[in-house]
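Here is a short report on one chain, written for reading beside the coordinates. It moves from the overall fold to the annotated sites.

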Amino acid sequence: PTVLLLHGPNLNLLGERDPAQYGTTTLADVEERVRALGAELGVDVVCEQSNHEGVLIDHVHAARAMDGIVLNPGAFAHYSIALRDALEAVATPCVEIHISNVHARESFRHTSVTAPVTRGYVSGCGTNGYELALRQVVHLIAERT
Ligand code: DQA
């Protein structure tokens, strides 16, 4: 099986952007860790990041040919109906992850328009959340087959 690890806007700056909120781990570190866990769990992990809404939507569409999605939509979680609709349109199970505890932050981060069309949600576990999300996606894949 193949799982898409998809990152939205500004997450290419992980490690240098607001370390108090997001830590010092880089995106490359996260991708390496998730790939390594994938190998352990028997799934291939394909990593993508974009700062552009339409490109993210194209990646979600491409994941129709894959078995699962781990998605950090970044700020698009809070307002992109188009990204939400893309997730709803594909049957591939998705788990949403936020590094920070969005519920402990500004009120505009308390809403996720994408979360209701995902199969699970992780927030506030730091970058460990990615491993938690991948484990859940692998669980959903195993349940399906
Ligand atoms: C984030 C939380 C979002 O509110 C923010 O816009 C991000 C990162 C997180 O991983 O904690 O870009 O998705």
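What follows covers the fold, the sheet and its helices, and then the annotated residues.

## Overall fold

The model is predicted. The chain holds six helices and five strands. In sequence order they follow the pattern β-α-α-β-α-β-α-α-β-β-α.

How does the radius of gyration compare with that of a compact globule? A compact globule of 145 residues would have a value near 15 Å, and the chain has 14 Å, which agrees. The C-alpha trace spans about 40 × 30 × 25 Å along its principal axes. Of the 145 residues, 35% are buried. Long-range contacts are well represented: among contacts between residues at least 6 apart in sequence, 73% join residues at least 24 apart.

## The sheet and its helices

The five strands form an open sheet. Their order is E2-E1-E3-E4-E5, and the pairing is parallel. E2 (44-49) and E5 are the edge strands, each pairing on one side only. From one strand to the next, the twist averages 15°.

Take the pair at the E2 edge. Strand E1 (residues 2-7) runs parallel to E2, and six bridges join the two. Within this pair, leucine 5 stands opposite cysteine 47 in E2. Helix H2 (residues 27-41) packs on the sheet and touches E1 and E2. The direction of H2 makes about 160° with that of E2. Helix H6 (residues 128-144) also packs on the sheet, where it touches E1, strand E3 (68-72), E4 and E5. The direction of H6 makes about 155° with that of E3.

## Helix H3

Which residues of H3 (residues 53-62) are buried? They are Leu56, His59 and Val60. Seen down the axis of H3, these buried residues fall within an arc of 100°, so they line one face of the helix. The general rule is that an α-helix has 3.6 residues a turn, so residues three or four places apart point the same way. The buried residues of H3 pack against E1, E2, E3, H4 and helix H5 (81-89). The face turned away from that buried side carries the exposed residues Gly54 and Val55.

## The annotated active site

UniProt, in an unreviewed entry, lists Tyr22 and His98 under "active site". The two are spread over 77 residues of sequence, yet they cluster in space, with a largest C-alpha distance of 9.5 Å.

Tyrosine 22 lies in helix H1 (residues 19-22). Is tyrosine 22 buried or partly exposed? It counts as partly exposed, because 19 C-beta neighbours lie inside 10 Å and a buried residue needs 20 or more. Leaving aside neighbours within four places in sequence, tyrosine 22 is in contact with Leu14, Arg17, Ile99 and Ser100.

Histidine 98 lies in strand E4 (residues 94-98). Histidine 98 is buried, with 22 other C-beta atoms within 10 Å. Not counting residues up to four places away in sequence, histidine 98 touches Asn72 and Ser123.

## The annotated binding site

The "binding site" feature, also from an unreviewed UniProt entry, is placed at Asn72, His78, Asp85, Ile99, Ser100 and Arg109. Why do these residues not all gather at one spot? The farthest two C-alpha atoms are 24.1 Å apart, so the set does not gather at one spot, and it spans 38 residues in sequence.

The two annotated sets touch one another in the model. Tyrosine 22 is in contact with Ile99 and Ser100, both listed for the binding site. Histidine 98 touches Asn72, another residue in that list.

Two further binding-site residues also meet. Histidine 78 is found in helix H4 (residues 76-79). Among its contacts beyond four places in sequence are Phe108, Arg109 and Thr111. Arginine 109 sits in the loop between E4 and strand E5 (120-123). Not counting residues up to four places away in sequence, arginine 109 touches His78 and Val102.

The table gathers the burial of four annotated residues.

| Residue | C-beta neighbours inside 10 Å | Class |
|---|---|---|
| Tyrosine 22 | 19 neighbours | partly exposed |
| Histidine 98 | 22 neighbours | buried |
| Histidine 78 | 16 neighbours | partly exposed |
| Arginine 109 | 17 neighbours | partly exposed |

Note on methods. Residues are numbered from 1 along each chain as its sequence is written. This is a predicted model: local features need pLDDT of at least 70, side-chain atom pairs count only at pLDDT 80 or more; totals for chains, interfaces and linings use all residues. UniProt positions are given in the numbering used here, feature names are shortened, and annotations may be inferred rather than shown by experiment. Helices (H or I, at least four residues) and strands (E, at least two) are DSSP runs, numbered from the N terminus. A residue is buried if 20 or more other C-beta atoms lie within 10 Å of its own, exposed if 12 or fewer, and partly exposed in between; C-beta atoms are placed from the backbone. Two residues are in contact if their C-beta atoms, placed from the backbone, lie within 7 Å. Two strands pair if DSSP finds at least two bridges between them. Axes are lines fitted to C-alpha atoms, for helices over the stretch in contact, and angles run from 0 to 180 degrees between N-to-C directions. The radius of gyration is taken over C-alpha atoms; the globule rule is 2.2 Å times the number of residues to the power 0.38. The arc is that of the directions from the helix axis to the C-beta atoms.
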